[in-house]
Amino acid sequence: MVFALVLLPFVASFLLLIFPNSRIQYTVSGAVFGLLSGLAFALYNSFGVFTFQFTLLLNNVIVVADVVLLLFFLYQGKLFNHPKVMALAAVQLILYGYIESIAPEAGSAEIVVDSLSKFMFLIINGVGGIIVLYSVKYMEDEPTSPYKKRLFVGGLLVFLSVMNLIVIANSILLFFFLFEMTTLASYLLISFRNDEVSRANALKALWMNQIGGVVILLGALVAIIGFKTVMFDTLLQSSGGMVLFSIALLSMAALVKGAAIPFEGWLLGAMVAPTPVSAMLHSATMVKIAPYLILKLAPALAMSAVGGLISIIGALVFVAASYLALSRSVLKEILGYSTVALLGLMMALAAIGSEESMNLAMALMLFHALSKALLFLSAGVLERVHHVKDIEDMKGMVTKSPKTVGFILFGFVSLTLPPFGLFMGKLFAIGSVASLLKEHPSNLIILLSLIVGSALMVLLYFKVASALLSAPCDVEDSETIAIPNGFNVPLVLLSFFIVIGALGYIMMQHNIFVVLLVLPMLFVFALPSLIRRMDRYDRSQPYHCGEKEPFDSALVYYEPSNKVQLLLYWGFGILFVAVAMVGALS
């Protein structure tokens, strides 16, 4: 079943390339979603840990592929005259060559499928499969050749294969190769439209993620020097100061891939790509490597200075990214910053390393993937059907496309209100972190960040919701535009899984009083009738002599000064470097 998860997307990608008929594309995409989801669910409910050891030939093939990949990065840097890409590719080639020359023979299996891997399969294949299905319809209106459209959908499928592999990699060097394969995939997908803006953002994503690759190689080098191993399991079972140094370097790669400030630029730049790319990067695949890697390293991070520092960084990112999101008016950028914020929270909880905090981090990962996929795909509908990206242009959208607005509002509700998983996760996280204050007073920073960041995110979502629900009288009446089935089916599927997930999570708590948290939903369900009664009202102020008061979502708009932004970037940059220093001194 594991190898089916890896091979099936490749086969489906090939079928999409050779069959141009749209019905076949929908059939293949739907079948892949069903099969991948079914296999992932079956594996999740299976018992035991599965391992697989590579042959010498297969290891040599991966080494060659890794070198070719790094040479490709070097070529891209030279082709587009990008010094950072060239320099980082050269550093990676030198480090990788040296590490391979001194690397010991594998002492354990290169592939390990454990409970964390099985959990990741659910997110990757369930949510990722829905995004692939959605992308078939989305690409129909893309101004490019039919072959390139099919190539795009096929690329998303290959992306799923790489992600299915990276979450079962036990070898740090194999993990590095797959980490850079995800970097390659994001580079190609972001630059898909091949214009100047897309290329610039793709190159930014490339060099920023290359930094993550460099620190992985440094972490592997420390593991080899200190413990004669390149295996995660062996490293995590070792003891001594060098362990934390290696773990610290690997954790820094998670901060980069998770777009923690000051590396959030690469993820926000991905917004220039077609919307399925944004959905795939933000919800199902790419950035989930960050909390996954911290969870994998959690046994060593727990109760350590490195783990404490990463928790603080993640918590502060949660607040800072939520605050920066308030300065944005493009819907996908707002969603992007909220992803950065919530990834910070997931990494903060994972780095604490307690069983409860790790379970909460995993719950947030799952429910964030579902809700954020729903929001990004809904944003894609607004972009494709209504040609709207900026929330300032969304006045009257509740009458033009009430169903799309309904999906977006449901996405916000699932992120902020009970009984949905993200609210429940944050609620239980507050209690979990508070219980550790006596032993670790530094957790007060995490606790306060949880509270402040959550409040800022509610304000952020209110900003967007108020824009979507506004229907001032100066907006012309227009017919309601139906959502095409190619968009509607994925959105309904995601909404269904969010509801099922919420019900399942409540049942897992074994506490009848948790059901009372469902009560706020009664108010949410009453909103549509309330909005209809207020339909097409207009505001006028006495001191304006009855003049129309135009709606402006910028009423909830905070633009940080350049000085504040510079301070944030330098501050987080120093904390990023401090992770390695603390690891080296521990």
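# A guided tour, starting at a bend

Select Leu 8 in helix α1. The helix bends there by about 25°. Now look a little further along the chain: a proline, Pro 9, follows within four residues. Keep in mind that you are looking at a predicted model.

**Stop 1: the rest of α1**

Widen the selection to residues 2-18, the whole of α1. These 17 residues reach 26 Å from the first C-alpha to the last. That is close to the 24 Å expected at 1.5 Å a residue.

Which residues of α1 are buried? Colour Val 2, Leu 5, Val 6, Pro 9, Ala 12, Ser 13 and Leu 16 to see them. Next, show what covers them. The cover includes helices α2 (22-44), α5 (115-138) and α6 (146-166). Strand β2 (111-113) is also part of it.

Stay in α1 and pick Phe 3. Add Phe 52 and Phe 54. These three residues form one aromatic cluster.

**Stop 2: the whole chain**

Zoom out and switch to a cartoon view. The protein chain has 23 helices and 2 strands. How much of the chain is buried? Buried residues make up 57% of its 586 residues.

Now think about which parts touch. Take the contacts between residues at least 6 apart in sequence. Of these, 82% join residues at least 24 apart.

**Stop 3: a stacked pair**

The structure holds 12 aromatic pairs. Select one of them, Phe 412 and Tyr 461. The ring centres are 4.8 Å apart and the planes meet at 20°, so the pair is stacked. The cut-off for stacking is under 30 degrees.

Where do the two residues sit? Phe 412 is in helix α18 (residues 402-416), and Tyr 461 is in helix α20 (residues 443-469). The pair therefore ties together parts that are 49 residues apart in sequence. Turn on the surface: both Phe 412 and Tyr 461 are buried.

**Stop 4: a lysine inside**

Stay in α20 and select Lys 463. Is this lysine buried or exposed? Lys 463 counts as buried because its relative accessibility is 0%. Follow its side chain to the end. It reaches the backbone oxygen of Arg 328 at 2.6 Å.

**Stop 5: lysines over rings**

Select Lys 148 and Phe 192. The charged end of Lys 148 sits over the ring of Phe 192, 4.8 Å from the ring's centre. Then select Lys 257 and Phe 179. Here Lys 257 lies over the face of Phe 179, at 4.0 Å from the ring centre.

**Stop 6: Leu 422 and its contacts**

Jump to helix α19 (residues 421-435) and select Leu 422. Its relative accessibility is 1%, so Leu 422 counts as buried.

What is Leu 422 in contact with, leaving aside neighbours within four places in sequence? Show Leu 342, Leu 364, Phe 367, His 368, Ser 371, Ser 414 and Leu 415. Focus on Phe 367. It is 55 residues from Leu 422 along the chain, yet their C-alpha atoms are separated by 6.0 Å.

**Stop 7: helix α21**

Select residues 485-508, helix α21. At 1.5 Å a residue, its 24 residues should span 34 Å. The end C-alpha atoms are 34 Å apart, which agrees.

Several residues of α21 are buried, including Phe 487, Leu 491, Leu 494, Ile 498, Tyr 505 and Ile 506. Gly 486 and Gly 501 are among the buried residues too. What covers them includes α2, α5, α16 (355-385), α18 and α19.

**Stop 8: unusual backbone**

Most residues other than glycine have a negative phi, and most peptide bonds are trans. Visit three exceptions.

Begin at Ile 261 and Pro 262. A cis peptide bond joins them, with omega about 15°. Pro 262 is in the loop between α10 (241-257) and α11 (264-269).

Next comes Asn 81, in the loop between α3 (56-79) and α4 (83-102). Its phi is near 50°, a positive value in a residue other than glycine. At 62% relative accessibility, Asn 81 counts as exposed.

Finish at His 387, in the loop between α16 and α17 (397-400). His 387 is not a glycine, but its phi is positive, about 55°. With a relative accessible area of 68%, His 387 is exposed.

How values were computed
Residues are numbered from 1 along each chain as its sequence is written. This is a predicted model: local features need pLDDT of at least 70, side-chain atom pairs count only at pLDDT 80 or more; totals for chains, interfaces and linings use all residues. Side-chain values use heavy atoms; hydrogens and water are left out. Rings of Phe, Tyr and Trp (its six-membered ring) pair if their centres lie within 6.5 Å; planes under 30 degrees apart count as stacked, over 60 as edge-to-face and the rest as tilted. Buried means under 20% relative accessible area, exposed over 50%, partly exposed in between (1.4 Å probe, protein chains only). A charge sits over a ring if NZ of Lys or CZ of Arg is within 6 Å of the ring centre and within 35 degrees of the ring normal. The expected span of a helix is 1.5 Å times one less than its number of residues. The bend at a residue is the angle between axes fitted to the seven residues ending there and the seven starting there. Contact means heavy atoms within 4.5 Å. A polar contact is a pair of N or O atoms within 3.5 Å; within protein, one must be able to donate a hydrogen and the other to accept it, and residues adjacent in sequence count only if both atoms are side-chain atoms.
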